[in-house]
Amino acid sequence: MNSSKLKAMQTIHLAFCLAIVAMAATSYLTVKDRVYLDADLNQNDVFFPLFPLVGLVSIALGQFLFKKQLSNLHERSADDKINKYQVAFLIRTALFELPALLNIVGFLLSGNIVFLIAGVVFFMLLVSARPSKQAIIEALNLNYPDTEKL
């Protein structure tokens, strides 16, 4: 993997993050006059607590699939490991973005700021999953000659 693959993953990650920020900003500007806070579980909003719970499941599934994809790479070549990492990264990133966007849509439809707060929490999890050279080296257990491919 040359640095262009790492840069491509970082660019894709940035695009996912910017999409969430743009959606959140647009949603807030759209409903800023009817924003309220209601975390009561007995409220009539059909999306609460469904959207935050779906978000938790999505995060757990994304992390599980990521680890599962990387668990059987011990005997593969460095290039194969890196290609599998890219696939696992894209799956995890998509599943980390889903709950943030879903909760922002919930905020847009209801005006309940609890959804926006949940979306920000899920967004922070996505930001923390940014690919870095060191994280890839550790995840794939790469040694010196292969680390130079990053």
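**View 1. Phe48, with a relative accessibility of 11%, counts as buried.** Welcome to this predicted model; our tour of close-ups starts at its aromatic rings. Phe48 belongs to a cluster in which ring pairs link it with Phe51 and Phe115. In total, the structure holds four aromatic pairs. One of them joins Phe48 and Phe115 edge-to-face, with 6.0 Å from centre to centre and 85 degrees between the planes. Because Phe48 sits in the loop between α1 (3-31) and α2 (50-71) while Phe115 is part of helix α4 (residues 113-128), this pair ties together parts that are 67 residues apart in sequence. How accessible is Phe115, and does that make it buried or exposed? Its relative accessibility is 0%, so Phe115 counts as buried.

**View 2. Phe66 and Tyr85 form an edge-to-face pair, because their planes meet at 75 degrees and their ring centres lie 5.6 Å apart.** Distant parts of the chain are linked here: Phe66 comes from helix α2 and Tyr85 from helix α3 (residues 78-110), with their positions 19 residues apart. Both Phe66 and Tyr85 are buried. Look next for Arg92, which lies over the face of Phe66 at 3.8 Å from the ring centre. The charged end of Arg92 also sits over the ring of Phe96, at 5.9 Å from the centre of that ring.

**View 3. Asn141 is found in the loop between α5 (133-140) and α6 (144-147).** What is there to notice about its backbone? The phi angle of Asn141 is near 55 degrees, a positive value in a residue other than glycine. For comparison, most residues other than glycine have a negative phi. Is Asn141 buried or exposed? Asn141 has a relative accessibility of 57%, so it counts as exposed, the cut-off for that word being over 50%.

**View 4. Leu37, Ile117, Val121 and Leu125 make a nonpolar surface patch of about 360 Å².** One of these residues, Val121, is part of helix α4. Val121 has a relative accessibility of 48%, so it counts as partly exposed.

**View 5. Gln69, a residue of helix α2, meets several partners from further along the chain.** Leaving aside residues up to four places away in sequence, Gln69 touches Lys84, Val87, Ala88 and Ile91. Take the contact partner Lys84: how far apart are the C-alpha atoms of Gln69 and Lys84? They are separated by 7.2 Å, although the two residues are 15 residues apart along the chain. Gln69 itself is partly exposed, because its relative accessible area is 28%.

**View 6. Asn112 has its place in the loop between α3 and α4.** Is this loop residue, Asn112, buried or exposed? Asn112 counts as buried, because its relative accessibility is 0%. Which residues does Asn112 touch, not counting those up to four places away in sequence? They are Tyr36, Leu37, Asp38, Gln43 and Phe107. You may recognise Leu37 from an earlier view, where it helps to make the nonpolar surface patch.

Conventions:
Residues numbered from 1 in each chain as written. Predicted model: local features only at pLDDT ≥ 70, side-chain atom pairs only at ≥ 80, totals over all residues. Heavy atoms only, no water. Phe/Tyr/Trp six-rings, centres within 6.5 Å; stacked < 30°, edge-to-face > 60°. Helix = DSSP H or I, 4+ residues; strand = E, 2+ residues; numbered from the N terminus. Buried < 20%, exposed > 50% of the residue type's maximum accessible area, 1.4 Å probe, protein only. Lys NZ or Arg CZ within 6 Å of the ring centre and 35° of its normal. Patch = residues over 30% accessible without salt bridge, like charges linked within 9 Å, V, L, I, M, F, W, Y side chains within 5 Å. Areas by Shrake-Rupley, 256 points an atom, 1.4 Å probe, with all protein chains shown as cover. Salt bridge = Lys/Arg side-chain N within 4 Å of Asp/Glu carboxyl O. Contact = heavy atoms within 4.5 Å.
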